[in-house]
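Trainee: I would like a close look at a single part of this model, followed by whatever else helps to place it.

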Amino acid sequence: MASKITVKAPSSTANLGPGFDVFGLAVNAFFDEVTLTKKRQKGITILTEDDIPTNPENNTAGLVIKNMMKEFKIKDGIEIKIKKGVPAGFGMGSSAASAAAAVVGFDKLYRLKLDEKLLVEFAGFGEKASAGSIHYDNVAASVLGGFVIVKTNPLSIVKVEPPTNLRMCIAVPKLQVPKKKTKVSRGVIPKKINFIDSVLNLSNAATIVAGFMKKDPELIGSSIKDVIVEPARQHLIPGFAKVKENALKAGALGVTISGAGPSIIAFSNSSADLKKICVAMTKGFSVANTKCLTIICKSSKGAIQKIK
Ligand code: HSE
């Protein structure tokens, strides 16, 4: 049995507008890398050069490995080396990417051959370390890749292969984000919603699924409309309305908050002028005196072993 493994897992965008906590899409904008090494000395050691907690209880990958070791009664010592590529706290599934890489790495290292649902379930524990609550949209996308639909109670995941010509422009603002950002942005979501709004979101969510099934970026993009969560969260992102307006004017099909934000994601297809959309988003943020990094990306495969 190998004693060391490296797994690379992609960033992801959650919600895609109306699919709060239900939709996830793996995107090849950023990747995290996790290397697991069996050690003689017992316990979990976390090594990283990034500014993340190194206590296994507070570290996404650490918490995942701790749970899996307990569940499968594994007594080895494990060193977890984490190389963050996904910016933490920007709505790009950073904690999920580390959790996904850890789960897939552990599964392979100990030849557990867990099914997809169990991999996602274990990765979900990691979310608890950063978001305070378990939700599976980012982890499912990061573990499995492509577009995912999360059903809960009981958990099941439906994966759909995205259209190959689907493109996303992501603007990551250079902002100071609160430490427990996801918790903060989940705190502003309304407890009660208007019936008409729920019908509107449901119709758009259903059409997004149809768009993925029919491999139709126009159908997906034009249904990225959320009248419930986006209006409640947008005040947390300076310049949001302008960035959205500019991206749509520049040809984006649909624009929304990526996950819990503050990144903003525009959906389009490969024939659009994607650079123009990025420039328009940058100009939108500049109105709020905020700089941003823009990235053009596609959907990504899930977490995979890196062969060095
Ligand atoms: N669905 C989650 C949210 C994703 O929007 O709060 C954040 O990780």
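Trainee: Which residue forms a salt bridge with Lys 249, and how far apart are the closest N and O atoms?

Mentor: This is a predicted model, and what follows is computed from it. The partner of Lys 249 is Glu 245, with 2.9 Å between the closest N and O atoms. Both residues belong to helix α9, where four positions, about one turn of the helix, separate them. An α-helix has 3.6 residues a turn, so residues three or four places apart point the same way.

Glu 245 has a second partner: its side chain also meets that of Lys 242 in a salt bridge, at 3.5 Å from N to O. Lys 242 and Glu 245 are three residues apart, again about one turn of α9, a helix that covers residues 240–249. Lys 242, Glu 245 and Lys 249 are thus linked in a network of salt bridges. Side chains of opposite charge can pair when their charged atoms come close.

The members of this network can also be described by exposure. Lys 249 counts as exposed because its relative accessibility is 64%, above the 50% cut-off. Glu 245 is partly exposed, at 34% relative accessible area, and Lys 242 is partly exposed too, at 30%.

A search of the whole structure finds nine salt bridges. Another of them joins Lys 306 to Glu 33, with the closest N and O atoms 2.7 Å apart. That pair connects distant parts of the chain: Lys 306 sits in the segment after β11 (304–305) and Glu 33 in strand β2 (residues 23–39), 273 residues apart. Lys 306 is partly exposed, with a relative accessible area of 32%, whereas Glu 33 is buried at 14%.

A polar contact of another kind involves Ser 94 in helix α2 (residues 94–109). The side chain of Ser 94 contacts the side chain of Lys 84 at 2.8 Å. Ser 94 is buried, with a relative accessible area of 8%.

Charged side chains also take part in the ligand site. Polar side-chain atoms of Asp 21 and of Asp 137 each lie 2.6 Å from a nitrogen atom of the ligand. Arg 233 places a polar side-chain atom 2.8 Å from a ligand oxygen. Taken alone the ligand exposes 260 Å², of which the protein buries 94%. Two elements, α4 (137–144) and α5 (181–187), give two or more residues to the surrounding shell. By class that shell has three nonpolar, five polar and four charged residues; among its members are Phe 20, His 135, Asn 138, Thr 182 and Arg 186.

Helix α4 is largely enclosed by the rest of the structure, because eight of its eight residues are buried. The buried residues include Asp 137 and Asn 138, both of which are also around the ligand. After α4 comes Gly 145, whose phi is positive, near 80°.

The surface offers a nonpolar feature as well. Phe 195, Ile 196 and Val 199 form a nonpolar patch there, with about 340 Å² of accessible area together. Ile 196 lies in helix α6 (residues 195–213) and is exposed, at 59% relative accessible area. By comparison, Ile 149 in strand β5 (residues 147–151) counts as buried, at 16% relative accessibility.

Definitions and conventions: Residues numbered from 1 in each chain as written. Predicted model: local features only at pLDDT ≥ 70, side-chain atom pairs only at ≥ 80, totals over all residues. Heavy atoms only, no water. Patch = residues over 30% accessible without salt bridge, like charges linked within 9 Å, V, L, I, M, F, W, Y side chains within 5 Å. Areas by Shrake-Rupley, 256 points an atom, 1.4 Å probe, with all protein chains shown as cover. Salt bridge = Lys/Arg side-chain N within 4 Å of Asp/Glu carboxyl O. Buried < 20%, exposed > 50% of the residue type's maximum accessible area, 1.4 Å probe, protein only. Near = heavy atom within 4 Å. Polar contact = N/O pair within 3.5 Å; in protein donor to acceptor, adjacent residues only side chain to side chain. Nonpolar A, V, L, I, M, F, W, Y, C, P; charged D, E, K, R; others polar.
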